[in-house]
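Here are some short exercises to work through with the model open beside you. Try each one yourself before you read its solution.

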Amino acid sequence: MSTMKKRIPMFLLALAMMVAMALPTFADSPSVYSSLGDSVSSVQNTYYQLNAATEGTPVAGTLLTMWHNTGSNTQRWDIVTCPGTAYYWFQNAANKSVVISYNGNTQARLAAKNTSTYGIQTQGIKSVTEGNTSEGFVKHGLVLPTYVLCLTASQCSDGSQAQWLASNGKSNQLWIYAKYY
């Protein structure tokens with residue numbers, strides 16, 4: 001057997017070993033990771049995320065609460081530009097036809113997405129950059145376009161309400177967007 005023929009199997013074995021070492025056998029990936037949507041976490045306590053309070057599919061009228069990360073689609077948000085504006089819709093990833101809305105009182109709820117001018121005024125949200133956290137995450141204030149109301153975590157505990165309140169300059173009105181994990 002020629003020297004070249006002896007080297008081919010050794011080359012293939014070495015190549016297979018390089019590929020095996022380059023790919024982790026036990027890759028560490030969180031069990032609830034999803035590429036769908038972002039989590040919207042309170043700067044006050046990032047363990048708590050904005051949550052559509054339902055065990056099923058969110059619908060118009062569903063309350064928004066704070067809840068620890070459960071891996072549920074109700075805690076995932078698609079942040080979509082409202083056409084022709086500088087505002088965003090925060091669509092729930094579990095039901096993209098509902099968005100965060102202002103319903104005339106302090107309780108933050110979901111509503112059926114309305115693309116009319118009225119819908120933009122009650123469902124369009126301005127994302128105001130408010131600097132960075134010590135970890136380097138961008139902090140955002142979420143404000144309604146025609147009202148001086150900010151989305152506010154009333155408390156950071158499971159089931160506490162997210163509310164629309166006047167700006168208070170505190171961390172309970174600041175949010176971090178991140179890929180959901």
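**Exercise 1.** Which residue lies over the face of Trp-89, and at what distance from the ring centre?

*Solution.* Keep in mind that this is a predicted model. Start at the ring of Trp-89 and look over its face: there you find Lys-113, 4.8 Å from the ring centre.

**Exercise 2.** Find the aromatic pairs and describe their geometry.

*Solution.* Step one: a search of the whole structure gives two aromatic pairs. Step two: Tyr-47 and Tyr-48 make up one of them, with 5.1 Å from centre to centre and 90 degrees between the planes, an edge-to-face arrangement. Step three: Phe-90 and Tyr-177 have ring centres 5.9 Å apart; their planes meet at 65 degrees, so this pair is edge-to-face, because planes over 60 degrees apart count that way.

**Exercise 3.** Why does the pair of Phe-90 and Tyr-177 tie together parts that are 87 residues apart in sequence?

*Solution.* Locate each partner. Phe-90 belongs to strand β5 (residues 88–92), while Tyr-177 belongs to strand β12 (residues 174–179), so the pair links parts 87 residues apart in sequence.

**Exercise 4.** Decide for Tyr-47, Tyr-48 and Phe-90: buried or partly exposed?

*Solution.* The cut-off for buried is under 20% relative accessible area. Tyr-48 has 14%, so Tyr-48 is buried. Phe-90, with 0%, is buried too. Tyr-47 has 49% and counts as partly exposed.

**Exercise 5.** How many helices and strands does the protein chain have?

*Solution.* Count along the chain: there are two helices and 12 strands. In sequence order they read α-β-β-β-β-β-β-β-α-β-β-β-β-β.

Key
Residues numbered from 1 in each chain as written. Predicted model: local features only at pLDDT ≥ 70, side-chain atom pairs only at ≥ 80, totals over all residues. Heavy atoms only, no water. Helix = DSSP H or I, 4+ residues; strand = E, 2+ residues; numbered from the N terminus. Phe/Tyr/Trp six-rings, centres within 6.5 Å; stacked < 30°, edge-to-face > 60°. Buried < 20%, exposed > 50% of the residue type's maximum accessible area, 1.4 Å probe, protein only. Lys NZ or Arg CZ within 6 Å of the ring centre and 35° of its normal.
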